[in-house]
Amino acid sequence: MTRLNLVLLIAVLFSALYLVRTQYESRRLYVELEKTAALSRKLESDKDRLQVEKRAQATPLRVEKISKERLQMRTATPAITQYVNYKNEAGTEGARE
């Protein structure tokens, strides 16, 4: 009888230790999941913020301002436009033959 009680006591102790271990692992995984979800939310908000900044940086007015200031470019007008005409080489070769 005492052997049976001893075996049952050992079984109860092992099952209790296993239960504690699995609860600890479950809590650890839950905390890790929450941290990952928080990081995901932060990255999503950063992505949205960066997209807004990108759209703000690419406005036509800003691009024109930077091209005038940094690159010393100017707006094309008919007075400064040079038109280039080229001869169709394929068409002139056929006429030569």
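The structure holds five salt bridges, a salt bridge being a side-chain nitrogen of Lys or Arg within 4 Å of a carboxyl oxygen of Asp or Glu. Side chains of opposite charge can pair when their charged atoms come close. The model is a predicted one, in which local features need pLDDT of at least 70 and side-chain atom pairs count only at pLDDT 80 or more, while totals for chains, interfaces and linings use all residues. Residues are numbered from 1 along each chain as its sequence is written, and side-chain values use heavy atoms, with hydrogens and water left out.

Three of these pairs, with the distance between N and O, are set out here.

| Pair | N to O distance | Place |
|---|---|---|
| Arg28 and Glu25 | 2.5 Å | helix H1, three residues apart |
| Lys42 and Asp46 | 3.1 Å | helix H1, four residues apart |
| Glu53 and Arg49 | 2.8 Å | helix H1, four residues apart |

The spacing between Arg28 and Glu25 is about one turn of the helix, and about one turn also separates Lys42 from Asp46 and Glu53 from Arg49. Arg28 and Glu25 belong, together with Glu32, to a network of salt bridges.

The surroundings of these side chains can be described by relative accessible area, where buried means under 20%, exposed over 50% and partly exposed in between, with a 1.4 Å probe and protein chains only. Arg28 counts as partly exposed because its relative accessibility is 36%, and Glu25, with a relative accessible area of 32%, is partly exposed as well. Asp46 is partly exposed at 22%, Glu53 is partly exposed at 38%, and Arg49 is partly exposed at 42%. Leu17, which also has its place in helix H1, has a relative accessibility of 58% and therefore counts as exposed. Over the whole chain, 1% of the 97 residues count as buried.

The fold itself consists of three helices and zero strands, where helices (H or I, at least four residues) and strands (E, at least two) are DSSP runs numbered from the N terminus. From the N terminus on, the order of elements is α-α-α. The radius of gyration of the chain is 38 Å, well over the 13 Å that the globule rule gives for 97 residues, so the chain is more spread out than a compact globule; this radius is taken over C-alpha atoms, and the rule is 2.2 Å times the number of residues to the power 0.38. Along its principal axes, the C-alpha trace spans about 115 × 50 × 15 Å. The C-alpha atoms of Leu17 and Pro60, which are 43 residues apart along the chain, are separated by 67 Å.

The accessible surface of the chain comes to about 9900 Å², of which 61% belongs to carbon and sulfur atoms, as given by the Shrake-Rupley method with a 1.4 Å probe. The chain carries 18 positive and 12 negative charges, whose mean positions are 8 Å apart; Lys and Arg count as positive and Asp and Glu as negative, with His and the chain ends not counted.

Confidence is expressed as pLDDT, the predictor's confidence in each residue, from 0 to 100. The mean pLDDT of the chain is 89, and 91% of its residues reach 70 or more. Confidence is highest in helix H1 (residues 2–57), at a mean of 96, and lowest in helix H3 (residues 89–96), at 55. Where pLDDT is low, the predicted coordinates should not be read in detail.

Key
The place of a charge is taken as NZ of Lys, CZ of Arg, CG of Asp or CD of Glu.
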